[in-house]
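Colleague: Could you walk me through this one at my own pace? I'd like to know what stands behind each label before I use it.

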Number of protein chains: 2
Amino acid sequence: MFDFPVFDGIEESDVKKLLTEFNALTLTFRKDATVLSNVSNTDSFFIIQEGKANIVRYNFNGTKTIMEKMEKGDIFGAFSGTIEDDLYVIAAEDSKIIVFEYKRLINRSGKNVEAHNKLIDNVLNKLADKLSYFNERIEILTEKTIRDKLLKYFGYLSKKQITKSIIIPFTLSDLSDYLAVDRSAMMREIKNLNEDGLIASKGRYINLKY
Amino acid sequence: MFDFPVFDGIEESDVKKLLTEFNALTLTFRKDATVLSNVSNTDSFFIIQEGKANIVRYNFNGTKTIMEKMEKGDIFGAFSGTIEDDLYVIAAEDSKIIVFEYKRLINRSGKNVEAHNKLIDNVLNKLADKLSYFNERIEILTEKTIRDKLLKYFGYLSKKQITKSIIIPFTLSDLSDYLAVDRSAMMREIKNLNEDGLIASKGRYINLKY
DNA sequence: TTATTTTTGTTGCAAGTGCAACATTAATGA
DNA sequence: TCATTAATGTTGCACTTGCAACAAAAATAA
């Protein structure tokens, strides 16, 4: 029911007590529905319980840009330091979202102290996790050539999967988006890496030879 | 004395009470001294009171990479979600750094409740701010051409400075680092933008013509 | 199973970029 | 003030990359 990071280490019964104390609501949204129409103006705190949602910007010419993809367990809302006034949150699929006043999270009552403390701890960790994920992506995007981007990405993956036989966790097409390079140019570079003996790969299965 | 974001909105006397309650220490470090030798293992919370510090990685070949630059008011420590075991914090100049147990921040006692609440709020905001800064940088780095990176960056700057006559807040050389492109190629592109009438610039002073 | 869609793989070519090397201007320190 | 260093500006050239267009293989749906 509540098995996601912000509630880690809190008994389900305590989660329920907390949410009751916070006057939390669980709202359901259909795909493409607007969850929040001005991110910088809200005084609420949101947790995605089920489904997915995107933070999007509507550009002056009507096109929309996905600023951030969020999924089950992700949080957003009043704490977000953005000044930008044109950010929306849109459900990317049918979703259930928990909402309560941000103040309730911050201003602690005398009840459920332990659980409340743990929740704050988890929220901080959640943000820090995302920060380190972003940091890693920046490290990769900062590499100048496609080859170097690939190698740095493979390096991180290898560290996480604790093996030199890594499996790319999404399609090669998505990988080219992640690295922000042309897919065909990336494929060409993967071929080069194979020919140069730095890797031995077949599709998304890659053996690091260094 | 304590005029930085994490203490915003908290009376100086209350800040002092809090820090006393937390058994906080103020440590001084000389330039290049090691502040923290295993970021993922600490149980402390750090606030830079004066000076600057970098999070660095020592690569297998002995070279070091600056992962993140931090300055007065920035925070780091136990909440950082990184699993990486080779990250150090090094003082980039002579610095004073406030340290206390992370648990003290999370587990609230009955004292100084108001101030403590506000501190947590500020820490959340601080992390969210950084998140939005990182997000913006990723947005820029994701653009394919130098021209598009420049235009996106100029766009953000224009929004922040609320004018089309923007001033780049660091050297053009640093800008090329920030955009992760070759400096001379960037200069060439700036010239092209001028010739195409999209901007009118002289050094770091830029007028947006769109 | 067969049909359809998605993903992977490949190539030529034009355009964009990094690199190296140097000239000019601005900023800094003695 | 002059000397020195840092920052800005410029160019040719080789290499890398994006783009377009297509083929083959794999995954998914009917």
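Colleague: To start, how many salt bridges does the rule find across the interface of chain B and chain A?

Modeller: Zero. The rule wants a side-chain nitrogen of Lys or Arg within 4 Å of a carboxyl oxygen of Asp or Glu, and across the interface of chain B and chain A no pair passes. Before we go on: this is a predicted model, where local features need pLDDT of at least 70 and side-chain atom pairs count only at pLDDT 80 or more, while totals for chains, interfaces and linings use all residues. Residues are numbered from 1 along each chain as its sequence is written, chains are lettered from A and ligands numbered from 1 in the order in which they are written, and side-chain values use heavy atoms, leaving out hydrogens and water.

Colleague: What makes up the contact between chain B and chain A, then?

Modeller: Contact means heavy atoms within 4.5 Å, and here 41 residues from chain B and 41 residues from chain A take part. The buried area is about 3,600 Å², with carbon and sulfur atoms giving 61%; that is the accessible area (1.4 Å probe) that two parts lose on being put together, summed over both. In chain B, Leu124(B), Leu131(B) and Ile138(B) lose the most area to chain A, together 16% of what that side buries. Two residue pairs are in polar contact between the chains, both residues of each pair at pLDDT 80 or more. A polar contact is a pair of N or O atoms within 3.5 Å; within protein, one must be able to donate a hydrogen and the other to accept it, and residues adjacent in sequence count only if both atoms are side-chain atoms.

Colleague: Why are the two copies said to be related as by a two-fold rotation axis?

Modeller: Chain B can be laid on chain A with an RMSD of 0.1 Å by a turn of 180 degrees and a shift of 0.0 Å along the axis. The two copies are thus related as by a two-fold rotation axis. The fit is by least squares on the C-alpha atoms of residues with pLDDT of at least 70 in both.

Colleague: And how do you know that the copies meet through the same surface?

Modeller: 100% of the interface residues of chain B are also interface residues in chain A, so the surface is the same.

Colleague: What makes Glu136(A) and Lys160(A) a salt bridge?

Modeller: Their closest N and O atoms are 2.7 Å apart, which is inside the limit for that label. The rule finds two salt bridges across the interface of domain 1 and domain 2 of chain A. Those domains, 5–140 and 143–208, come from an automatic or database domain assignment. They bury about 730 Å² between them, and Glu136(A), Arg137(A) and Ile140(A) supply 78% of the area that domain 1 buries there.

Colleague: Which residues are the closest around DNA strand C?

Modeller: Leu172(A), Arg183(A), Lys191(A), Thr145(B) and Ile146(B), out of 19 that surround DNA strand C; a residue is near a strand if one of its heavy atoms lies within 4 Å of it.

Colleague: What makes Ile146(B) a polar contact of DNA strand C?

Modeller: A backbone N or O atom of Ile146(B) lies 2.7 Å from a phosphate oxygen of DNA strand C, so the pair is inside the polar-contact limit. Ser184(B) reaches a base nitrogen instead, with a polar side-chain atom 3.1 Å away. On DNA strand D, a backbone N or O atom of Leu172(B) lies 2.8 Å from a phosphate oxygen.
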